[in-house]
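Biologist: Can you walk me through this model before I head back to the bench? I'd like the plain version, please.

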Amino acid sequence: MTDLGLTYQDLYAAELDPTLRRGAQLFDVREPDEYAQGHIPGAVNLPLSELAARHDEISGPAVIACLGGGRSAQAAAFLAAQGKRDIHNLVGGTAGWTREGRPLNSGPHP
């Protein structure tokens, strides 16, 4: 996806584990109550509503997730526009992750 010449890449659930093993951070941009109901293990909650003020917390490669991939695509485009590199949007989000039979954690922490 291109935004003003800056880009992020789409990533599918099967590609997430190898990407994390290579050092990427995983961020979930849903609101805290949504995140607490179930999130991908290891995902750090960074709500989309706070991203503009907190985007400096993301350094290096990152994968952005939400429930279905829409909010994470917005977040990834924003981060790319801020000059962040190696940003990935998790296509299908947490819902796609669970449709493949993958586990979720619940509660407010990764």
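**A chat about the fold**

Modeller: Let's start in the middle: S6, H4 and S7 form a β-α-β unit that is right-handed. Right-handed here says that, with the strands pointing away from the viewer, the path from the first strand over the helix to the second runs clockwise. Helices (H or I, at least four residues) and strands (E, at least two) are DSSP runs, numbered from the N terminus.

Biologist: Where do the coordinates and numbering come from?

Modeller: This is a predicted model, where local features need pLDDT of at least 70, side-chain atom pairs count only at pLDDT 80 or more, and totals for chains, interfaces and linings use all residues. Residues are numbered from 1 along each chain as its sequence is written, and side-chain values use heavy atoms, with hydrogens and water left out.

Biologist: OK, the sheet. What order do the strands come in?

Modeller: The order is S3-S7-S6-S4-S5, in an open sheet of five strands with parallel pairing. The edges are S3 (9-11) and S5 (44-45), each of which pairs on one side only. Two strands count as paired if DSSP finds at least two bridges between them.

Biologist: How many bridges join S4 to S6?

Modeller: Four, and those two strands run parallel. Glutamine 25, for instance, has alanine 62 in S6 as its bridge partner.

Biologist: And which residues pair up between S6 and S7?

Modeller: One of the pairs is alanine 62 with isoleucine 87 in S7. Another is isoleucine 64 with asparagine 89, again in S7. S6 and S7 are joined by three bridges in the parallel sense.

Biologist: What about S7 and S3?

Modeller: S3 and S7 (residues 87-90) also pair in the parallel sense, over three bridges. Glutamine 9 has histidine 88 of S7 as its bridge partner, and aspartate 10 has asparagine 89 of S7.

Biologist: Which strands does H4 touch?

Modeller: H4 packs on the sheet and touches S6 and S7, and its direction makes about 170° with that of S7. Contact means heavy atoms within 4.5 Å. Axes are lines fitted to C-alpha atoms, for helices over the stretch in contact, and angles run from 0 to 180 degrees between N-to-C directions.

Biologist: Side chains next. Which way do they point in S6?

Modeller: Ala62 and Ile64 point one way from S6, Val63 and Ala65 the other way, and all are buried. Buried means under 20% relative accessible area, exposed over 50%, and partly exposed in between (1.4 Å probe, protein chains only). S7 has Ile87 and Asn89 pointing one way and His88 and Leu90 the other, and all are buried there too.

Biologist: Why the back-and-forth?

Modeller: In a regular strand the side chains alternate between the two faces of the sheet.

Biologist: Back to H4. How far does it reach?

Modeller: H4 (residues 70-81) has 12 residues and reaches 17 Å from its first C-alpha to its last, close to the 16 Å expected at 1.5 Å a residue. That expected span is 1.5 Å times one less than the number of residues. Just after H4, glycine 83 takes a positive phi of about 90°.

Biologist: Which H4 residues are buried?

Modeller: Ser72, Ala73, Ala75, Ala76, Ala77, Leu79 and Ala80. Alanine 80 counts as buried because its relative accessibility is 0%. The C-alpha atoms of alanine 80 and threonine 7 are separated by 5.6 Å, though the two are 73 residues apart along the chain.

Biologist: New topic: how many salt bridges does the structure hold?

Modeller: Five. A salt bridge is a side-chain nitrogen of Lys or Arg within 4 Å of a carboxyl oxygen of Asp or Glu. One of them joins arginine 71 and glutamate 34, with the closest N and O atoms 2.9 Å apart. That pair links distant parts of the chain, 37 residues apart, with arginine 71 in H4 and glutamate 34 in H2 (residues 32-37).

Biologist: Is arginine 71 buried or exposed, or in between?

Modeller: Arginine 71 counts as partly exposed, because its relative accessibility is 27%. Glutamate 34 is partly exposed too, at 23%.

Biologist: Any others worth clicking on?

Modeller: Try arginine 54 and glutamate 50, whose side chains meet in a salt bridge (2.5 Å, N to O). Both lie in H3 (residues 48-54), four residues apart, about one turn of the helix. Glu50, Arg54 and Glu57 are linked in a network of salt bridges. Arginine 102 forms a salt bridge with glutamate 100, the closest N and O atoms being 3.0 Å apart.
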